[in-house]
Amino acid sequence: MALVTKAIKGTKDVLPKDVYKNQYIEATCLGVAEQFGYKEIRTPVFEHTELFQRGVGDTTDVVQKEMYTFDDKGGRSITLRPEGTAGAVRSYLENGLCNEALPQKVCYNTSCYRYEKPQAGRLREFHQFGIECFGSASPLADAEIIALAKTIFDNLEVKDLSLEINSIGCPSCRAEYHKALKEYFNARKDELCDTCKDRLERNPMRILDCKSPVCSEIANDAPVMLDYLCDECKKHFDKVQEYLKAQSIEFNINPKIVRGLDYYTKTVFEFVSSSIGAQGTVCGGGRYDGLVEELGGQKTASLGFGMGLERLMLLMEAQNCPFPEPQAADLFIVALGDKAVLKALEISKDMRAEGFGCLMDLNQRSVRAQMKYADKLGAKFNLVIGDNEVESGCAKLKNMSTGEETEIQLETFVNGFYNISLAEQLADLEINGEEFDFGTLFGNGNEE
Ligand code: ATP
Ligand code: MG
């Protein structure tokens, strides 16, 4: 029985009183993406399992240990998306976006599912803001997506994030590196975890990303890819750095960053915070020049990042970053009696048509109870109407923050409300702005 009232381990509700924070973060991400020319794409929460096996890579932790995979009633193997890139690439190919002007730039706010050990900053259902840029091999694109993430953090006033960048080369220079890695790990093969023993042959770089303490200890002294980069990859990495510097974006070169997904090539990066504990990576991404081809398209140099929104929220809360609070409703109508209710409905409709937020009590309680309810909702103005007010066509509008009451005609209510609330706003300006020049609002009166 208790199961019915308990959310699944590793999942989290966002309550109505808190959701403005999520909405603010999401809107900021989408707004910044738009400034850089990235348009939103929405793809399904589940895909064919094979898409992730091929796209994410079948030697990764994500595919080997973390996917929510099941057979549907038609016997297909289905997986809840563990990340956003594979689905975006699938859609890019299936819908022919690859035939439009390149690069194609997309972004998304999505839920992701990974069967991991839930802890601070690690959930089984979490949310990512991600972007993908399809069809640019230029280091300008690498610098652009890093700048985009940085702009989001700046706009949200997040501080103390370090940007760590690395290059993990291309398939041709990586072959040499794989050899060196195999040699290195072979010497200590017996100490590696079982998964990594298997990885040693198939994909030794994955060992660098293993979370087991012994493997990561061994990995500490492993050879680094930066020492093996071919000329082209080295030149690319130098340019990325030059373009970041041109935008005054500070970074550290960190040869340990390899990322957890198989598809990366050349540039990889993470934004890491030390204020939210062990799960400090708030954003990770990089270039994946081989992925589109791997999934059946033409070779298309591409890149992107995923930003963990729950971790971002933790970080913003830890740093006391400002969240603009949602505006309270403009008006609450306390209506008593049948005629007053009808009048209140009429006024509410007109108010909303003019863009004002307008509430009333659905339960038709006593005036006192309605007042109490209105108080809790915190509307800016209250209007009380009963039979007398309907008859006289006139009622009192009360400003809930100053307590000031003003007579208002019900017939032309919205107009009257507009004037009164505008007057309030202007009065506020006078208080805060000392000598506010009203001439700038209404013209300076100089015209002949
Ligand atoms: P980690 O090393 O922390 O497991 P990852 O390399 O698996 O991260 P990515 O696949 O690159 O992470 O996902 C991008 C971002 O999504 C991460 O940087 C992180 O902010 C967030 N993220 C990843 N897994 C989780 C999770 N289980 N819960 C919450 N956020 C997550
Ligand atoms: Mg992970």
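**Ser421, the ligand shell and the cores**

Modeller: In this predicted model, Ser421 touches Phe356 and Phe381 once residues up to four places away in sequence are left out of the count. Ser421 itself is found in helix 15, which covers residues 413–432.

Biologist: Why is Ser421 called buried?

Modeller: The relative accessible area of Ser421 is 10%, and buried means under 20%, so Ser421, at 10%, is classed as buried.

Biologist: What makes the pair formed by Ser421 and the backbone oxygen of Tyr418 a polar contact?

Modeller: A polar atom of the Ser421 side chain and the backbone oxygen of Tyr418 lie 3.3 Å apart, and because the cut-off for a polar contact is 3.5 Å, this distance falls within it.

Biologist: Turning to the ligand, how do you know that Lys211 makes a polar contact with ligand 1?

Modeller: A polar atom in the side chain of Lys211 lies 3.4 Å from an oxygen atom of ligand 1, which is within the 3.5 Å allowed, and therefore the pair counts as a polar contact. The side chain of Arg114 also has an N or O atom 2.7 Å from a ligand 1 oxygen, while for Thr281 a backbone N or O atom lies 2.8 Å from an oxygen atom of ligand 1. Taken alone, ligand 1 exposes 580 Å², and the protein buries 92% of that area.

Biologist: Which elements give two or more residues to the shell around ligand 1?

Modeller: They are strand 6 (125–134), strand 10 (281–287) and strand 11 (302–308), and strand 10 gives the most, with 4 residues. In all, 16 residues surround ligand 1, with Arg114, Glu116, Leu123, Arg259 and Thr281 the closest; by class, the shell has 4 nonpolar, 6 polar and 6 charged residues.

Biologist: What makes a set of residues, such as the largest one with 46 residues, a nonpolar core?

Modeller: The term requires buried residues of the nonpolar kinds listed for a core, joined through side-chain atoms within 4.5 Å, and the largest such set here has 46 residues, with Phe134, Phe185, Leu192 and Leu208 having the most contacts inside it. Several helices each supply at least two residues, among them helix 2 (49–55) and helix 7 (194–202), but the largest share, 5 residues, comes from helix 6. In soluble globular proteins, nonpolar side chains tend to be buried together.

Biologist: Which residues is Leu192 in contact with, leaving aside its neighbours within four places in sequence?

Modeller: Leu192 is in contact with Phe185, Lys197, Leu200, Ile207, Cys215 and Ile218. A second, separate core has 45 residues, including Ala33, Ile165, Ile276 and Leu309.

Methods:
Residues numbered from 1 in each chain as written. Chains lettered and ligands numbered in written order. Predicted model: local features only at pLDDT ≥ 70, side-chain atom pairs only at ≥ 80, totals over all residues. Heavy atoms only, no water. Near = heavy atom within 4 Å. Polar contact = N/O pair within 3.5 Å; in protein donor to acceptor, adjacent residues only side chain to side chain. Areas by Shrake-Rupley, 256 points an atom, 1.4 Å probe, with all protein chains shown as cover. Nonpolar A, V, L, I, M, F, W, Y, C, P; charged D, E, K, R; others polar. Buried < 20%, exposed > 50% of the residue type's maximum accessible area, 1.4 Å probe, protein only. Contact = heavy atoms within 4.5 Å.
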